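Hello,

Here is the structure for you to look over. My notes on it follow below.

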Amino acid sequence: MTAAALLDTLIQRQWSVACAESLTGGLLTSALVDVPGASRAVRGGVVAYDTDVKRAVLGVDADLLARRGAVDPDVARQMAQGVRSALATAAGPAQVGLATTGVAGPDPQDGHPVGTVFVAVAWADGAEVRGLQLTGDRTAIRHATVAEVIALAQQTLRAR
């Protein structure tokens with residue numbers, strides 16, 4: 001699925017999207033805003049590369065981070081949920097939150113091998129998380145993560 005197709009779906013529903021990114025470091029938000037007309041749906045993004053930013057800005061549970069580290073499905077879920085509120089406007093929170101967290105390499109992190117990734121999509125009353133084991137170099141893993149979270153978002157929105 002492409003960023004353009006996802007944005008078309010969001011714009012048709014008059015929904016907004018906010019992104020919480022760790023390993024992708026802004027690549028997801030960039031992929032979305034590369035699409036002409038993206039401002040009709042994209043609220044913005046938070047690059048929460050540092051674990052403490054996940055807690056302080058996105059509201060990820062500190063105990064969860066301490067117990068499991070940042071590479072975790074529940075962390076991805078909480079990031080996606082938290083960015084909806086973190087980028088709220090007078091109109092309220094974003095209808096959709098997207099999140100990426102994982103290990104792009106070159107070294108393992110928190111006991112997880114390179115390529116371990118979690119992506120999440122959250123909405124007002126739920127969330128969907130997908131665990132991935134990606135291959136390739138750092139750049140390939142980051143780009144594949146963006147493609148995966150966009151595909152998950154599109155699948156999730158189709159089902160709703």
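One definition up front: a crossing is left-handed if the near helix is turned anticlockwise from the far one by less than a right angle, and right-handed if clockwise. Helices (H or I, at least four residues) and strands (E, at least two) are DSSP runs, numbered from the N terminus.

The basics come next. This is a predicted model, where local features need pLDDT of at least 70, side-chain atom pairs count only at pLDDT 80 or more, and totals for chains, interfaces and linings use all residues. Residues are numbered from 1 along each chain as its sequence is written, and side-chain values use heavy atoms, with hydrogens and water left out.

**H1 against H6**

H1 passes H6 in a left-handed crossing. Their axes come within 9 Å and cross at roughly 35 degrees. Axes here are lines fitted to C-alpha atoms, for helices over the stretch in contact, with angles from 0 to 180 degrees between N-to-C directions. On the H1 side, Ala3, Ala5, Leu6, Thr9, Leu10 and Arg13 make the contacts. They meet Ile150, Ala153, Gln154, Leu157 and Arg158 in H6. Contact means heavy atoms within 4.5 Å.

**H6 itself**

H6 covers residues 138-159, which is 22 residues. Its expected span is 32 Å (1.5 Å times one less than its number of residues). The end C-alpha atoms are 32 Å apart, which agrees. Its buried residues (under 20% relative accessible area, 1.4 Å probe, protein chains only; exposed is over 50%, partly exposed in between) include Ile141, Thr145, Val149, Ile150 and Leu157. The buried residues of H6 pack against helices H1 (3-13) and H2 (27-33), and against strands S3 (96-102), S4 (116-123) and S5 (126-133).

**S1 and S2**

S1 (residues 17-21) and S2 (residues 42-47) pair in the parallel sense over five bridges. Pairing needs at least two DSSP bridges between the strands. The chain crosses from S1 through H2 to S2, and this β-α-β crossover is right-handed. That is, with the strands pointing away from the viewer, the path from the first strand over the helix to the second runs clockwise. Glutamate 21 stands opposite valine 47 in S2.

**Backbone points to check**

Glutamine 14 lies in the loop between H1 and S1. Its phi is positive, about 60 degrees, although it is not a glycine. Glutamine 14 counts as exposed because its relative accessibility is 72%.

The loop between S3 and S4 holds aspartate 110 and proline 106. Aspartate 110 is not a glycine, yet has a positive phi near 50 degrees. A cis peptide bond joins glycine 105 and proline 106, with omega about 15 degrees.

Best wishes
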